[in-house]
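These are my notebook entries on one structure, set down in the sequence in which I looked things up. The coordinates come first and the entries follow.

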Number of protein chains: 2
Amino acid sequence: MSKPEVKRLYINYKTLEEFQQFREYGLEELSMLEDLQANIVEDDSESPFYGIYDGNRLIARMSLYPIDAKYDRYFYPPQTYYELWKLEVLPEYRKQGYGTALVEYAKSLGKPIKTNSRCRADEFWKKMGFVPVKYNPIRDRGENPYIWLPEGVESQDDHQAE
Amino acid sequence: MSKPEVKRLYINYKTLEEFQQFREYGLEELSMLEDLQANIVEDDSESPFYGIYDGNRLIARMSLYPIDAKYDRYFYPPQTYYELWKLEVLPEYRKQGYGTALVEYAKSLGKPIKTNSRCRADEFWKKMGFVPVKYNPIRDRGENPYIWLPEGVESQDDHQAE
């Protein structure tokens, strides 16, 4: 297989209709639709979503949302990082490297990444080079946070332990 | 069916072993296990988890984690509320009212509740009397927050809109 091409997704009616094929569809997508309908956002404005197409069909997606350094409770030194959520490949396209391609793309942007490993996906995230945090109930609130550290970045947990 | 009895779960090796039957098992549970092994918590100390047993077997659980009023970004007036997460019924016990019994128990405690509706469970939460928030990307970060308001409590979104 040639390397799948990861594209930034633009907010428009086609994208939002395609999002309905994904299991994780909710208030975020509905809010994007409302903003589009109310002309609060323009057609084809940038979204935090990235995806992979098979021809015309969106078959995998993820959101990469930049979190401002002032809210950073995971990385040292505190810095702007990406929260990666809604990584999902449509069922018939799984086990073909599309999820991996999306995560590799996210890493290529060079910023630290935090995700929430769900439904026992821990082995996938470890294979992708992510590490589990030291669970902090007040910060993590039931999540299962895994982080990816680019060179020169530490986790706040490790930094405090030094 | 008689009304299922909801019990507060205590942290001990039996509970933590039973947690492994649930799909959402991760850093939070592993951290509880480590604390128990390291004698940081005592056997049978209180946990944020509540559950339902069939005889000796834990068949349903949820976590109700109190969030301090100073972190409240959902309710007005700002107050201590519960985050409800990891609501899960073992597969062979689904569609028998156990999930409903857990949520009704949470409501009986009288505090506002916030949860994250996952995998298109929106209809379930609406049936339980929860309402969706107005999605705020900085606060909600890809979540699908639904809230339950006891009498006299408003959502911060509605209060700001007044």
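**Salt bridges across the interface**

I began with Arg118(A), which forms a salt bridge with Glu24(B), the closest N and O atoms being 3.8 Å apart. I note at once that the model is predicted. Across the interface of chain A and chain B, I find four salt bridges by the rule; over all chains the structure holds 30.

I then looked up the pair Glu83(B) and Arg141(A), whose closest N and O atoms are 2.7 Å apart in a salt bridge. This pair crosses between chains: Glu83(B) belongs to strand β5 of chain B, and Arg141(A) to the loop between α5 (137-140) and β8 of chain A. I record Glu83(B) as buried because its relative accessibility is 6%, whereas Arg141(A), at 24%, is partly exposed.

**Lys114(B) and its partners**

Glu83(B) also meets the side chain of Lys114(B) in a salt bridge, at 3.7 Å from N to O. Lys114(B) lies in strand β6 (residues 113-116) of chain B and Glu83(B) in strand β5, so this pair ties together parts that are 31 residues apart in sequence. I checked both for burial, and both Lys114(B) and Glu83(B) are buried.

A salt bridge also joins Glu143(B) to Lys114(B), at 2.6 Å from N to O. Here Glu143(B) sits in the loop between α5 (137-140) and β8 (145-148) of chain B, so the pair with Lys114(B) in strand β6 links parts 29 residues apart in sequence. The relative accessibility of Lys114(B) is 4%, so I count Lys114(B) as buried. I also traced salt bridges with shared partners, and they join Glu24(A), Arg118(A), Glu24(B) and Arg118(B) into one network.

**Symmetry and contact surface**

I superposed the copies: a turn of 180 degrees and a shift of 0.0 Å along the axis lay chain A on chain B with an RMSD of 0.0 Å. I therefore enter this as the relation of a two-fold axis. Of the interface residues of chain A, 100% are also interface residues in chain B, so the copies meet through the same surface.

In the contact list I find 30 residues of chain A against 30 residues of chain B. The area buried between the chains is about 2600 Å², and carbon and sulfur atoms give 54% of this. In chain A, the residues that lose the most area to chain B are Leu27(A), Arg120(A) and Arg141(A), together 29% of what that side buries.

**Sheet and helices**

For chain B, I wrote down an open sheet of seven strands in the order β1-β2-β3-β5-β6-β8-β7, with mixed pairing. At its edges stand β1 (6-11) and β7 (131-132), each with a single partner strand, so one side of each has no neighbour in the sheet. Strands β2 (residues 45-54) and β3 (residues 57-67) of chain B run antiparallel and are joined by six bridges; Asp54(B) stands opposite Arg57(B) in β3(B). Helix α2 (residues 27-37) of chain B packs on the sheet and touches β1, β2, β3 and β5 (81-89), its direction making about 115 degrees with that of β2(B).

In chain A, I listed the buried residues of helix α2 (residues 27-37), among them Leu27(A), Met32(A) and Leu36(A). Asn39(A) follows α2(A) and has a positive phi, near 60 degrees.

Terms used: Residues are numbered from 1 along each chain as its sequence is written. Chains are lettered from A and ligands numbered from 1 in the order in which they are written. This is a predicted model: local features need pLDDT of at least 70, side-chain atom pairs count only at pLDDT 80 or more; totals for chains, interfaces and linings use all residues. Side-chain values use heavy atoms; hydrogens and water are left out. Copies are superposed by least squares on the C-alpha atoms of residues with pLDDT of at least 70 in both. Contact means heavy atoms within 4.5 Å. Two strands pair if DSSP finds at least two bridges between them. Helices (H or I, at least four residues) and strands (E, at least two) are DSSP runs, numbered from the N terminus. Axes are lines fitted to C-alpha atoms, for helices over the stretch in contact, and angles run from 0 to 180 degrees between N-to-C directions. Buried means under 20% relative accessible area, exposed over 50%, partly exposed in between (1.4 Å probe, protein chains only). Buried area is the accessible area (1.4 Å probe) that two parts lose on being put together, summed over both.
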